Every structure is written in C-alpha cells, then in structure tokens.
Amino acid sequence: MAKNLNKQSNRDDSIAKTTSSVYERVTDQIVSALSRGVVPWRKPWKGREFLPCNAASKRLYAGVNLFTLGLAPFSDHRWLTVRQANELGGHVRNGERGSLVVFWKILSGSADDEESKRTIPLLRHFIVFNVEQIEGASVEPLPQAQPVAKIETAEAVVDSMPSPPRLAVHATSAYYRPADDLVAMPRIESFQSADSYYATLFHELGHATGHPSRLNRAGVAQTTHFGSEDYSREELVAELASAFVCAEIGLDNSLIADSASYISGWLDALKRDPKAIVLASSQARRAADFILARHVTSEHSAPP
C-alpha cells in the first residue's frame with residue numbers, strides 16, 4: 001500500500017513539474033515578446049459583417065440590441081419586421097416568437113422661443129424576426145463561411161471544466177458576465193482559425209474561474225471598472241491562463257505573440273508595473289489548472 005502511495009505521489013510530482021515547466025516557458029516567451037515590442041491588440045473574430053442588421057435596409061442595430069439580438073440562437077444575423085417580410089414576398093412561420101428592438105426617438109417640446117425649446121427622449125420599441133424564422137422572403141443567401149473544424153482536445157477541456165459557466169455561442173463579441181455567470185462567444189465560423197476561437201474561449205473561461213463559486217478572485221468577484229488596476233490585472237490573468245491552456249493542449253504556438261500583444265496594452269494601464277506579470281502569472285496558473293480540471297484552491301487560501 002505504501003509503495004502504491006509513493007508511486008502515485010511521484011507521478012503527481014512529475015505532472016506538477018511538467019505543468020510548471022510549460023507555464024514558465026509560456027510566461028518567458030510572452031515577456032520576451034513584450035521586451036521586443038508588439039503589434040496592436042488582437043481581435044480574432046470577424047466583426048461588422050456578422051453584426052445584427054436589418055435584412056431590408058442593411059442598417060446595423062445599435063446599443064443594447066447588439067447584445068440581445070446577437071445572443072439569439074440563430075446562425076443568420078439578419079432581421080425583418082412582419083411588414084418587411086411581407087413586402088419581400090414572405091411570411092413569419094406559425095408559432096415563431098419575435099425579438100424586441102428598442103430605440104430612442106427625440107421629440108421637440110413646444111415653446112415660443114428657441115432657448116425655451118426642449119427635447120424629449122421617448123423610448124420606442126418594435127418586434128423583429130430572424131430571417132431563419134421567415135419563409136418565402138426574397139433575401140439574398142448568406143455568403144458561405146469557410147468551415148472551421150472544432151478541435152477535439154480543446155472541446156474535451158471545455159466539456160470537463162468543473163462547475164462551468166453558461167455558454168452562449170451566437171454572440172457578436174466575446175465576454176464574460178459575472179452577474180449571471182455567462183460566457184458569450186461569436187460563432188466559431190467567424191474566427192480566423194479554430195485555434196483563435198479556443199484561445200478566446202479559454203480567455204473568457206479564465207475570467208469565469210474568478211467567480212465566487214470557483215476561485216473567488218478579486219478582479220471578478222468584486223465590482224471593477226474598465227481601466228482600473230483590478231480590471232487590468234484581471235485581463236492579464238485571463239490572457240495568461242488562455243496561453244497556458246493552449247500550450248498544454250498543443251494549440252497554435254503563434255498565438256503567444258497575439259497574447260503578448262494583448263497583454264502589452266494592460267501593462268500600459270498598470271504603468272508597466274514590473275511585478276504585474278509575475279503576480280498575474282501566479283493567479284493564471286491556478287485559473288488554467290481549474291479549466292484543465294486539476295485540483296486547485298481558492299484565491300483566499302492559495303499562496304500568492
């Protein structure tokens with residue numbers, strides 16, 4: 001029995017040393033890239049052509065509509081009102097439910113002189129239906145997106161993450177929302193490569209590890225503001241965690257340069273704090289281990 005325990009202990013030590021070596025190697029590569037200067041921040045998914053828009057007018061929807069329509073479970077990003085669908089020779093299929101679009105209409109108040117005139121914002125709304133909910137309408141077919149194959153090893157990591165957040169995969173951008181523990185991602189077809197898709201997904205899952213139900217990291221568990229030091233540090237943690245996971249499962253190594261590019265901007269926000277990358281690396285190791293379903297402790301009980 002003691003021999004078996006010793007063998008298991010030695011095996012665990014070996015795995016830990018290998019993992020630590022991978023993480024250190026990735027950190028060194030990123031630091032080296034930063035020292036040489038890097039390209040502007042990355043955004044690996046295609047943008048404007050996939051944003052929710054009106055299929056008749058081609059106008060993009062704005063404001064909160066980008067998120068509400070972007071999260072709808074359709075592969076087509078175009079929408080029509082019932083009237084527009086009818087004008088295009090089609091109709092909404094029976095039983096389909098529409099989506100709400102809101103906008104502000106500015107009304108001018110009545111007054112005798114120009115200085116006394118007031119503008120009154122009035123919130124208006126209407127209902128739209130996705131092109132996939134409509135039959136017979138004369139709408140141009142979407143251009144065929146280049147197929148992007150899923151990577152089995154990456155999918156296995158996502159599927160095995162303990163107590164994972166909810167995942168929405170038809171969003172217009174990538175983000176993590178702590179309030180409802182939601183990771184939103186654009187479709188994999190909208191990315192330049194499968195590797196870029198998973199690197200972005202692991203970044204957002206990196207943020208999700210900071211949720212109070214997981215590692216309880218200050219940059220996620222507490223309210224932070226864009227541009228603040230806590231926000232900047234959290235971005236460093238998430239990007240490093242993504243780089244670590246990608247290295248572990250053998251995704252495209254050129255993504256390291258992209259990570260360095262992204263991290264550079266947040267280091268600027270931290271005024272090039274020399275300790276920032278080291279502290280973030282420590283927290284990112286725990287985040288990566290959590291995503292990879294390895295045993296980790298919370299931020300409060302773990303050493304810095």
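Good morning. Helices, in what follows, are DSSP runs of at least four residues in state H or I, and strands are runs of at least two in state E, numbered from the N terminus. On that basis the protein chain has nine helices and nine strands. Please bear in mind that the model before you is predicted.

Let me begin with the chain as a whole. It comprises 304 residues, of which 43% count as buried. If we take the contacts in the protein chain with a separation of 6 or more, 70% of them are accounted for by residues 24 or more positions apart.

I turn now to the interior. The largest nonpolar core contains 44 residues, and those with the most contacts inside it are Tyr198, Leu201, Phe202 and Leu205. Which elements give two or more residues to this core? They are helix H4, spanning 152–160, helix H5, spanning 194–208, helix H7, spanning 229–249, helix H8, spanning 255–269, and helix H9, spanning 276–291.

Leu205 merits a closer look. Setting aside its neighbours within four places in sequence, Leu205 is in contact with Val158, Met161, Pro165, Val183 and Ile291.

Next, the pairing of H4 with H5. How are these two helices arranged? Their axes are 11 Å apart, and they pack at an angle of about 15 degrees. Angles under 35 degrees count as roughly parallel, and H4 and H5 are therefore roughly parallel to each other. Their crossing is left-handed.

Which residues meet there? From H4 come Ala154, Glu155, Val157 and Val158, and from H5 come Tyr198, Leu201, Phe202 and Leu205. By class, the residues of this contact divide into seven nonpolar, no polar and one charged. The four residues that H5 brings to H4 are thus also those named for having the most contacts inside the core.

Finally, I should like to draw attention to two backbone positions. Ser163 is not a glycine, yet has a positive phi of about 35 degrees. Ser163 is found in the loop between H4 and strand S7, the latter covering 166–168. Is Ser163 buried or partly exposed? With a relative accessible area of 44%, Ser163 is partly exposed, since that term covers values between 20% and 50%.

The second position is Ala293, in the segment after H9. Here too a residue other than glycine has a positive phi, in this case near 65 degrees. Ala293 is partly exposed, its relative accessible area being 42%.

Thank you for your attention.

Definitions and conventions: Residues numbered from 1 in each chain as written. Predicted model: local features only at pLDDT ≥ 70, side-chain atom pairs only at ≥ 80, totals over all residues. Heavy atoms only, no water. Core = buried A, V, L, I, M, F, W, Y, C linked by side-chain atoms within 4.5 Å. Buried < 20%, exposed > 50% of the residue type's maximum accessible area, 1.4 Å probe, protein only. Contact = heavy atoms within 4.5 Å. Axes fitted to C-alpha atoms, helices over the stretch in contact; angles between N-to-C directions. Parallel < 35°, antiparallel > 145°, perpendicular 65-115°, else oblique. Left-handed = near helix turned anticlockwise from the far one by under 90°. Nonpolar A, V, L, I, M, F, W, Y, C, P; charged D, E, K, R; others polar.
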